[in-house]
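Subject: Structure for you to look at

Dear colleague,

I am handing over the structure below, together with an account of what was found in it. Please read the notes with the structure open beside them, since they go through it residue by residue.

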Amino acid sequence: MPSPTGAGPAPRPLSADPAAGRTADRTVSAPERADTAARSVRELFAGRALGVPGTLLGAPAHPRPRSRTAPWHYWWQAHLLDALVDAALRRRDEPARAEEIRRDAHRLLRGITLRSGGRVTQNSYYDDMAWLLLAVGRLAALDRELTGRADVACLDAGRALLARIERGHTADLGGGVFWNTRHDVKNTASSAPAALAFVRTHRTEQARAVLGWLQENLWDPGRRVFHDGLILVAAGSGSEVTRRDERLFSYNSGPVLGALLELADAPGTGTDDRARLLGTAADVVAGAAEAYGRPAQGRRVLTTHGGGDGGLFSGILARYLAQAARHPDLAETARRTAAELVTGTADALWAGRREAEPATAPGGGGAPSARTGGAVAVFSPDPAQPAGQAQRPGAPVELSTQVQAWTVLEAATRLERPWTGAGAGGSAER
């Protein structure tokens, strides 16, 4: 994401016609679709953090809010960082381009640090920090793959985030990870990415404990999904009164699925335990398909959760469904179901996009694709509806929904790549 300079013309207005500027879908490969999403996010949202050179942040919306008090969405930036790592991995057969994207990812990490007041841990939510820890870990692995060593700032950020998240993993309410520093809610939103982070940092016993807590307290065995959380209603005299938040959100299944798969492949996991973990992972895929899948235009697509924070939820699930679809030892039915949800959602998002010509401002992106014409695209927040219907023309487009689409399109490209091996941690592919 080269930093825009502010010079040059803006992108042309996005067409209200969902078919405008469309290239026949079957002529555009999955990597080209992902390139279009990456270029579009770069052109529409990328800028410097607080105007500081050498940094990047994604604006919360396009057009950019004029107010200097625009909301700060730390965890949206974490998923933007994950998408940059995805793009660098996809382009690693082009070393110069992969290196350019890797450097942009580090600019984004610097931007997040700066915007957070100089410390990545300047945040009240453990789930936000867990998402950034997962992205930073993948970035460190990408560094090692492309340069032979991890960046010191990246490693320092990872250590600080891990130490902070471990503070949220306590015996209160029976285990799990608190949602925020008020320590009044423990939920799937924080416990699931924390469990995955624990697997990737070789804290497998902590990961097992968190997964066990989730299964005991928030797992719905009939629907095979996770409820949102446990709320502390009252405490005192050695007792705690809690209420379960019964809401269901698609992203809660995603990192649990990733943690189960990676714990199954972790060194020291026995044969029987591995089979149990993979069996539970298959159940999570089946439950997610039933709870969050729906037919749309002849495809099976993921249900989404609108805009705002919810604009990221199903993109997160798609990331881990792609991981499940590529795991050679997961049950074939689960792999097929996971793949169908990812590709169906990607196809629907691509078919429903609306386009404009790219900006010609310096730093507006790389060479345009011969097949897409370099068009800037806006993707629908709902794959069951074209963007022209789901988003009122002229209304601001939120970063969260576009990073979600980019994440789904990157996930679809990974289904075309071979499995790269087992083992917890150490791989940017995850």
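I would start with Asp228, which counts as buried because its relative accessibility is 8%, and whose side chain meets that of Arg247 in a salt bridge with an N to O distance of 3.8 Å. Asp228 sits in the loop between strand S6 (225–226) and strand S7 (229–236), while Arg247 belongs to the loop between strand S8 (239–245) and helix H8 (253–264), so the pair ties together parts that are 19 residues apart in sequence. Arg247, unlike its buried partner, is partly exposed, with a relative accessible area of 48%.

Please keep in mind throughout that this is a predicted model.

Overall picture

The protein chain has 13 helices and 13 strands, and of its 430 residues 56% are buried. Among the contacts in the chain with a separation of 6 or more, 71% are between residues 24 or more positions apart. The accessible surface of the chain comes to about 16,800 Å², and carbon and sulfur atoms account for 51% of that area.

Other salt bridges

The structure holds 32 salt bridges in total, and two further pairs may help you to find your way around. Glu99 and Arg103 are joined by a salt bridge of 2.8 Å, taken from N to O, and both residues lie in helix H3, 4 residues apart, which is about one turn of the helix. Glu99 is buried, with a relative accessible area of 18%, whereas Arg103 counts as partly exposed at 47% relative accessibility.

The other pair is Arg203 and Glu166, whose closest N and O atoms are 3.1 Å apart in their salt bridge. This pair links distant parts of the chain, 37 residues apart, with Arg203 in the loop between helix H6 (188–200) and helix H7 (204–217) and Glu166 in helix H5 (residues 152–168). Both ends of this bridge are partly exposed, Arg203 with a relative accessible area of 30% and Glu166 at 28% relative accessibility.

Besides these pairs, there is a network in which Asp35, Arg90, Arg91, Glu94 and Glu410 are joined by salt bridges that share partners.

A buried lysine without a salt bridge

What does Lys186 have around it, given that it is buried yet has no salt bridge? The nearest side chain of opposite charge is that of Asp172, at 4.9 Å, but the backbone oxygen of this same Asp172 lies 2.7 Å from a polar atom of the Lys186 side chain. Lys186 itself is found in strand S4, which covers residues 185–187.

Nonpolar residues inside and at the surface

Leu349, in helix H11 (residues 332–351), counts as buried because its relative accessibility is 4%. Setting aside neighbours within four places in sequence, Leu349 is in contact with Phe379, Ser380, Pro383, Ala405 and Val408. The C-alpha atom of Leu349 is also 8.5 Å from that of Pro381, a residue 32 positions away along the chain.

At the surface, Leu50, Val52 and Leu114 make a nonpolar patch of about 250 Å². One of these residues, Leu114, is found in helix H3 (residues 95–115), and Leu114 is partly exposed, with a relative accessible area of 31%.

Backbone details to check

Most residues other than glycine have a negative phi, and most peptide bonds are trans. With that in mind, three places in the backbone deserve a mention.

- His62 and Pro63 are joined by a cis peptide bond, with omega at about 0°, and Pro63 is placed in the loop between strand S3 (61–62) and helix H2 (74–90).
- His183 has a positive phi of about 55° although it is not a glycine; this residue lies in the loop between H5 and S4 and is partly exposed, with a relative accessible area of 28%.
- Gln297, likewise not a glycine, has a positive phi near 55°, and its place is in the loop between strand S9 (293–296) and strand S10 (299–302).

With best regards

Terms used. Residues numbered from 1 in each chain as written. Predicted model: local features only at pLDDT ≥ 70, side-chain atom pairs only at ≥ 80, totals over all residues. Heavy atoms only, no water. Helix = DSSP H or I, 4+ residues; strand = E, 2+ residues; numbered from the N terminus. Buried < 20%, exposed > 50% of the residue type's maximum accessible area, 1.4 Å probe, protein only. Lys, Arg positive; Asp, Glu negative; His and termini not counted. Salt bridge = Lys/Arg side-chain N within 4 Å of Asp/Glu carboxyl O. Polar contact = N/O pair within 3.5 Å; in protein donor to acceptor, adjacent residues only side chain to side chain. Contact = heavy atoms within 4.5 Å. Patch = residues over 30% accessible without salt bridge, like charges linked within 9 Å, V, L, I, M, F, W, Y side chains within 5 Å. Areas by Shrake-Rupley, 256 points an atom, 1.4 Å probe, with all protein chains shown as cover.
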